[in-house]
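Biologist: I would like to go through this model with you, side chain by side chain. Can we start with the charges and the rings?

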Amino acid sequence: MESRIGRAVGGTAHAEPVSVPELLNRTRALCTPPLRAAVARLAAPMDTVAAYHFGWIDRDGTPVAGDGGKAVRPALALLSAQAAGAPAEAGVPGGVAVELVHNFSLLHDDLMDGDETRRHRATAWTVFGPAQAILVGDALATLGTEVLLDAATTGGASATDAARAVRLLNTASRRLIDGQAMDVAFEQRDTVTVAECLEMEGGKTAALLSAASALGAVLAGADDRAADSLQRFGEHLGLAFQAVDDLLGIWGATEVTGKPHWGDLRQRKKSLPVAAALAEGGAASRELAEQLADPKGRGEESETELAARALLIEKAGGRAWTQEEARRQHTTALAALDEVPMPDVVREHFVALAEFVVVRER
């Protein structure tokens with residue numbers, strides 16, 4: 001995807017389009033070697049399970065060129081270092097750490113949701129068992145802290161800034177877990193308000209994107225004012241990201257997303273489209289509420305029944321509302337970004353990446 005930035009920032013607009021694929025490829029080139037090195041610290045067989053989950057090997061241990069994810073979070077960490085006037089390399093420990101924590105959450109999320117596929121292949125827990133998935137997830141979370149602390153000795157960060165980065169990541173991790181716990185609890189409730197859903201998603205998704213957007217800057221010694229603005233950018237970008245994810249969780253094509261078809265509806269997740277539809281109050285909204293309150297057939301609905309439920313959500317306005325919410329959060333994120341002085345080219349990369357987050361199919 002290429003994005004042409006339609007406004008001049010600081011009096012200068014670059015004529016060349018910003019290539020998000022190039023940005024993400026650069027991020028992978030910088031972050032993958034130290035990410036692999038961090039994973040290699042794990043004891044066997046956890047190192048193998050993690051390597052499989054990241055898409056580096058198949059279930060037999062044969063190296064493969066797999067899909068390791070979009071790399072949006074580490075890209076934000078590298079850009080934030082550049083926003084603070086440092087080279088992208090200064091943000092690499094932040095990019096690696098946030099990717100480790102993100103994948104800890106994915107390993108646990110797949111198991112809790114019972115998802116059997118991710119990125120077009122079997123999830124780690126189905127291949128290696130639930131116990132290994134739990135242990136590897138825990139290990140990746142702790143590795144994130146190690147990587148940030150190492151930045152004070154090998155990554156060029158001061159001990160104070162490394163400690164600031166650890167606090168930032170750990171706070172985000174706690175918020176992520178809080179949000180995940182709320183998400184699980186919501187599955188057992190008949191209704192959830194839009195405000196509750198936004199609070200849950202603020203933890204589950206936005207917290208880590210918020211941290212990612214400031215980690216590189218913190219490691220590079222940015223002051224609290226700049227770091228706070230970058231965090232707010234990431235917070236609202238995270239809410240936009242999750243709004244789009246919620247849309248894909250219902251209407252996304254499995255062959256594109258790599259996730260189970262109708263997965264969110266099958267689990268009766270109270271995502272934003274569902275919460276917005278329930279709040280609408282019309283005939284379709286009431287019928288949807290009745291279906292979600294009926295315990296009969298929970299998790300065993302047919303494809304036809306789930307398709308009909310998706311149509312009810314759309315008729316009640318849940319799809320349109322969520323699309324507009326994604327745009328609103330995107331706009332709010334860019335407003336926060338405007339508070340941070342940075343080179344024009346770095347700003348343009350931030351803006352292009354934000355656009356990529358809200359205009360995607362997977």
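Modeller: Yes, and keep in mind that the model is predicted.

Biologist: How far is the charged end of R73 from the centre of the F241 ring?

Modeller: A charge counts as over a ring only within 6 Å of the ring centre. The charged end of R73 meets that and sits over the ring of F241. The distance to the ring centre is 5.3 Å.

Biologist: Which residue has its charged end over the ring of F241, 4.0 Å from the centre?

Modeller: The ring is that of F241, and the distance to its centre is 4.0 Å. The charged end that sits there belongs to R360.

Biologist: How many aromatic pairs does a search of the whole structure find?

Modeller: Ring centres must lie within 6.5 Å to pair. Over the whole structure, the number of such pairs is three.

Biologist: Are the rings of F54 and W56 stacked or edge-to-face?

Modeller: Their centres are 4.8 Å apart. Planes under 30 degrees apart count as stacked. Here the planes are at 10°, so the pair is stacked.

Biologist: And are F54 and W56 buried or exposed?

Modeller: Buried means under 20% relative accessible area. Both F54 and W56 are buried.

Biologist: Are the rings of F233 and F350 stacked or edge-to-face?

Modeller: The ring centres lie 5.3 Å apart. An angle over 60 degrees counts as edge-to-face. The planes of F233 and F350 are at 80°, so this pair is edge-to-face.

Biologist: How many residues apart in sequence are the parts that F233 and F350 tie together?

Modeller: F233 belongs to helix α9 and F350 to helix α16. F233 is buried, and F350 is buried too. Because the two sit in these helices, their pair ties together parts whose separation in sequence is 117 residues.

Biologist: Which residues touch the most other members of the largest nonpolar core?

Modeller: That core has 78 residues. Those touching the most other members are L76, L100, L140, F233, F350 and L353.

Biologist: Which helix gives the most to this core?

Modeller: The helix in question contributes ten residues. It spans residues 194–219 and is helix α8.

Biologist: What is F233 in contact with, beyond four places in sequence?

Modeller: F350, the ring partner of F233, is on the list. L76 is there as well. The full set is L76, S213, A333, L334, A336, L337, F350 and A354.

Biologist: How many residues are in the other core, the one with V274 and L288?

Modeller: This core lies apart from the largest one. L292 and A316 are among its members. Its size is 14 residues.

Biologist: Now the salt bridges. How many does the structure hold?

Modeller: A bridge needs a nitrogen within 4 Å of a carboxyl oxygen. The total is 21.

Biologist: How many residues apart are R232 and E339, which meet in a salt bridge?

Modeller: Their side chains meet at 2.4 Å, N to O. R232 is in helix α9, while E339 is in the loop between α15 and α16. The pair links distant parts of the chain, with a separation of 107 residues.

Biologist: Is R232 buried, exposed or partly exposed?

Modeller: Partly exposed runs between 20% and 50%. E339, at 44% relative accessibility, counts as partly exposed. R232 is at 37%, so R232 is also partly exposed.

Biologist: How far apart are the closest N and O atoms of E301 and R309?

Modeller: E301 is buried, at 7% relative accessibility. R309 is buried as well, at 5%. They form a salt bridge, and the closest N and O atoms are 3.3 Å apart.

Biologist: Which helix holds both R164 and D161?

Modeller: Their side chains meet in a salt bridge at 3.0 Å, N to O. The two are three residues apart, about one turn of the helix. That helix covers residues 159–186 and is α7.

Biologist: Last, confidence. Over which residues does pLDDT stay under 50?

Modeller: The chain has a mean pLDDT of 91, and 94% of its residues reach 70 or more. The model has 35 contacts beyond four places in sequence for the stretch you ask about. That stretch is residues 1–15.

Notes
Residues numbered from 1 in each chain as written. Heavy atoms only, no water. Helix = DSSP H or I, 4+ residues; strand = E, 2+ residues; numbered from the N terminus. Buried < 20%, exposed > 50% of the residue type's maximum accessible area, 1.4 Å probe, protein only. Core = buried A, V, L, I, M, F, W, Y, C linked by side-chain atoms within 4.5 Å. Contact = heavy atoms within 4.5 Å. Phe/Tyr/Trp six-rings, centres within 6.5 Å; stacked < 30°, edge-to-face > 60°. Lys NZ or Arg CZ within 6 Å of the ring centre and 35° of its normal. pLDDT = per-residue confidence, 0-100.
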